[in-house]
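Reader: I am new to this structure and would like a friendly walk through it. Could you take me along, one question at a time?

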Amino acid sequence: MRFIFIIFIIFFTLNFNLHSEENFTEFENYSSFKDNFFPNDEGDENELKLINYIEKFMNFYKISYSKKKIEGDLYTTNSYNIEIILNSQSTTEEEIIVICPLNSAIYQQEFQDNSLTIKIMLNLIKLSKGFNFNKKVIFLFSGANRRENDYEFWGLRNYINNKINFNKSIVLFLDILSN
């Protein structure tokens, strides 16, 4: 009986610590983002850390999201799209879609930093959470983006191909790069 009680206490402590909001530390500035997540390429360790950070951010601010592996008939990637929908109960078919690349761009064989774009996007999500736009607002972190040579945006292409009412949407694409 004592053994079961000890296991219960250990499990409860681990479970509480794993799901505690205290485990989340929000990076307040661009430098923290760059130091922790740049460069991030499709499926690498920094991209996985960034996706984990975004998920913790959403959970901390109690914002629902969905994470979908980017796959299609002709391709499979090692990345994800993360979709955040605000004001989902809106009855209009019109949508505002804000898209931010998840991966660092490669231009002239060098990684370009997009940490500022990601930080701006997270701030927009946080500020927009309580605001009523009278439209559905979708924030999309789009993964599997390549710009060097082929300019394929697999995550964005996958999202658009699976979107039903895309023709009544306002689309904003945030992409601020530096090196």
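Reader: How many aromatic pairs does a search of the whole structure find?
Author: Welcome! Please keep in mind that this is a predicted model. Two rings count as a pair if their centres lie within 6.5 Å. A search of the whole structure with that rule gives a count of 6.

Reader: What kind of aromatic pair do F24 and F57 form?
Author: A pair of aromatic rings is described by the distance of the centres and the angle of the planes. For F24 and F57, the centres are 6.2 Å apart and the planes meet at 75°. Planes over 60 degrees apart count as edge-to-face. The pair of F24 and F57 is therefore edge-to-face.

Reader: How many residues apart in sequence are the parts that this pair ties together?
Author: F24 lies in the loop between α1 (2-19) and α2 (30-37). F57 belongs to helix α3 (residues 45-60), so the pair joins parts whose separation in sequence is 33 residues.

Reader: Is F57 buried or exposed?
Author: Buried means under 20% relative accessible area. F24 has 11% relative accessibility, so F24 counts as buried. F57 has 1%, so F57 counts as buried.

Reader: Which kind of pair do the rings of F57 and Y61 make?
Author: The ring centres of F57 and Y61 are 4.9 Å apart, with the planes at 50°. An angle that is neither under 30 degrees nor over 60 falls in the remaining class. The pair of F57 and Y61 is therefore tilted.

Reader: Which residues do ring pairs link into a cluster?
Author: You have already met some of the members. F57 pairs with F24, and F57 also pairs with Y61. Linked by ring pairs, the cluster consists of F24, F27, Y53, F57, F60 and Y61.

Reader: How far apart are the end C-alpha atoms of α3?
Author: Helix α3 has 16 residues. At 1.5 Å a residue, the expected span is 22 Å. The model agrees, as the end C-alpha atoms of α3 are separated by 22 Å.

Reader: Over which ring does the charged end of K67 sit?
Author: The charged end of K67 is 4.7 Å from the centre of this ring. The charged end of K69 sits over the ring too, 5.4 Å from its centre. The ring belongs to Y80.

Reader: Is L124 buried, partly exposed or exposed?
Author: L124 lies in helix α4 (residues 115-128) and helps make a nonpolar surface patch of about 270 Å² with L116, I120 and I176. Its relative accessibility is 33%, so L124 counts as partly exposed.

Methods
Residues numbered from 1 in each chain as written. Predicted model: local features only at pLDDT ≥ 70, side-chain atom pairs only at ≥ 80, totals over all residues. Heavy atoms only, no water. Patch = residues over 30% accessible without salt bridge, like charges linked within 9 Å, V, L, I, M, F, W, Y side chains within 5 Å. Areas by Shrake-Rupley, 256 points an atom, 1.4 Å probe, with all protein chains shown as cover. Salt bridge = Lys/Arg side-chain N within 4 Å of Asp/Glu carboxyl O. Helix = DSSP H or I, 4+ residues; strand = E, 2+ residues; numbered from the N terminus. Buried < 20%, exposed > 50% of the residue type's maximum accessible area, 1.4 Å probe, protein only. Lys NZ or Arg CZ within 6 Å of the ring centre and 35° of its normal. Expected span 1.5 Å × (residues − 1).
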